[in-house]
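Biologist: I'm new to looking at protein models. Could you walk me through how to read one?

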Amino acid sequence: MTSKSPTFKTSIDIPAGTRAEIIDLCNQQLADTADLQSQIKQAHWNIKGPEFIALHELYDQLAEEVEGYVDEIAERVTQLGGYAMGTARMAAEYSRLPEFPLDATQGLDTVKALVERYAAYAATTRAAIDESDKLGDLSTADLFTEVSRGIDKGLWFLEAHLQ
């Protein structure tokens with residue numbers, strides 16, 4: 001994602017060119033994170049079957065956790081002097097996650113769909129950690145590390161239903 005958004009003055013001691021790269025990286029993760037959160041809610045709203053209440057409640061907890069990551073990543077963009085690209089339309093345009101399948105409504109089908117999306121998101125989050133570190137922004141790398149730990153835990157909760 002290459003930013004076409006406005007930037008703002010900041011006294012953060014990261015060079016402007018590096019900040020622009022980090023802002024783009026964060027905005028890409030923001031799109032993926034917002035999309036993941038909306039797909040978890042999609043599963044939450046449409047789940048059917050004997051596992052309904054347990055998965056319905058789990059999905060609500062997972063969506064709430066991911067919503068917190070959306071906020072943290074968007075705020076990091078603005079801390080760096082960037083413009084957070086966080087609307088639903090922006091997320092839809094830039095997200096790298098596959099769309100949630102319309103036919104995934106039965107309990108384990110929704111779990112499988114979310115496992116696939118969590119795993120893909122976990123991989124891009126780890127890549128964002130590496131890229132932030134390479135750019136010398138340990139604060140952003142730390143933020144993505146926190147996200148990674150939470151996503152791995154959510155993935156564990158989901159995969160436990162399939163084992």
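Modeller: Let's go from the overall fold down to single residues, and keep in mind that this is a predicted model.

Biologist: How many helices and strands does the chain have?

Modeller: Start by listing the elements in order. Here the chain has 5 helices and 0 strands, so from the N terminus the elements read α-α-α-α-α.

Biologist: And how compact is the chain for its length?

Modeller: For that we look at the radius of gyration. It is 16 Å for this chain, while the globule rule gives 15 Å for 163 residues, so the chain is as compact as a globular protein of that length. You can also picture a box along the principal axes: the C-alpha atoms fill roughly 55 × 30 × 20 Å.

Biologist: What can contacts tell me about the fold?

Modeller: Look at how far apart in sequence the partners sit. In this chain, take the contacts between residues at least 6 apart in sequence: 78% of them join residues at least 24 apart.

Biologist: What about the surface, and how much of the chain is buried?

Modeller: Of the 163 residues, 45% count as buried. The chain exposes about 8,500 Å², and carbon and sulfur atoms supply 53% of that area. For charges, there are 14 positive and 27 negative ones, and their mean positions lie 3 Å apart.

Biologist: Why look for a nonpolar core at all?

Modeller: Because in soluble globular proteins, nonpolar side chains tend to be buried together. In this model the largest nonpolar core has 41 residues. The ones with the most contacts inside that core are Leu36, Ile40, Tyr59, Ile73, Tyr118, Ile151 and Leu158.

Biologist: Which helices supply that core?

Modeller: At least two core residues come from each of α1 (16-46), α2 (52-79), α4 (107-134) and α5 (138-159). The largest share, 10 residues, is from α2.

Biologist: Can we zoom in on one core residue? Is Leu158 buried or exposed?

Modeller: To decide, compare the relative accessible area with the cut-off: under 20% means buried. Leu158 has 0% relative accessibility, so Leu158 counts as buried. Leu158 sits in helix α5. Leaving out neighbours up to four places away in sequence, Leu158 touches Leu58, Tyr59, Leu62, Val111, Leu114, Val115 and Tyr118.

Biologist: How far apart are Leu158 and Lys134 in sequence and in space?

Modeller: They are 24 residues apart in sequence and 31 Å apart in space, going C-alpha to C-alpha. Now try another pair: Glu64 and Ile40 are also separated by 24 residues along the chain, with 9.5 Å between their C-alpha atoms. Sequence spacing and spatial distance are worth checking separately.

Biologist: Where is Glu64, and is Glu64 buried or exposed?

Modeller: Glu64 lies in helix α2. The relative accessible area of Glu64 is 61%, and the cut-off for exposed is over 50%, so Glu64 is exposed.

Biologist: What do you call a residue that falls between the two cut-offs?

Modeller: That one is called partly exposed. Take Glu116 in helix α4: Glu116 has a relative accessible area of 46%, so it is partly exposed. The C-alpha atoms of Glu116 and Leu97 are 9.1 Å apart, with the two residues 19 apart along the chain. Ala20, in helix α1, is partly exposed as well, at 35%. Between the C-alpha atoms of Ala20 and Thr7, which are 13 residues apart along the chain, there are 8.6 Å.

Biologist: Which residues does Thr125 touch?

Modeller: This is where we combine burial with contacts. Thr125 is found in helix α4 and is buried, with a relative accessible area of 0%. Not counting residues up to four places away in sequence, Thr125 touches Gln29, Phe144, Val147 and Ser148. By residue range, Gln29 falls in α1, whereas Phe144, Val147 and Ser148 fall in α5.

Biologist: Let me try the last one. Is His44 buried or exposed?

Modeller: With a relative accessible area of 6%, His44 is buried. His44 is placed in helix α1. Beyond the neighbours within four places in sequence, His44 is in contact with His56, Tyr59 and Asp60. You've met Tyr59 already: it is listed among the residues with the most contacts inside the core, and it is one of the residues that Leu158 touches.

Definitions and conventions: Residues numbered from 1 in each chain as written. Predicted model: local features only at pLDDT ≥ 70, side-chain atom pairs only at ≥ 80, totals over all residues. Heavy atoms only, no water. Helix = DSSP H or I, 4+ residues; strand = E, 2+ residues; numbered from the N terminus. Rg over C-alpha atoms; globule rule 2.2 N^0.38 Å. Buried < 20%, exposed > 50% of the residue type's maximum accessible area, 1.4 Å probe, protein only. Contact = heavy atoms within 4.5 Å. Areas by Shrake-Rupley, 256 points an atom, 1.4 Å probe, with all protein chains shown as cover. Lys, Arg positive; Asp, Glu negative; His and termini not counted. Charge placed at Lys NZ, Arg CZ, Asp CG, Glu CD. Core = buried A, V, L, I, M, F, W, Y, C linked by side-chain atoms within 4.5 Å.
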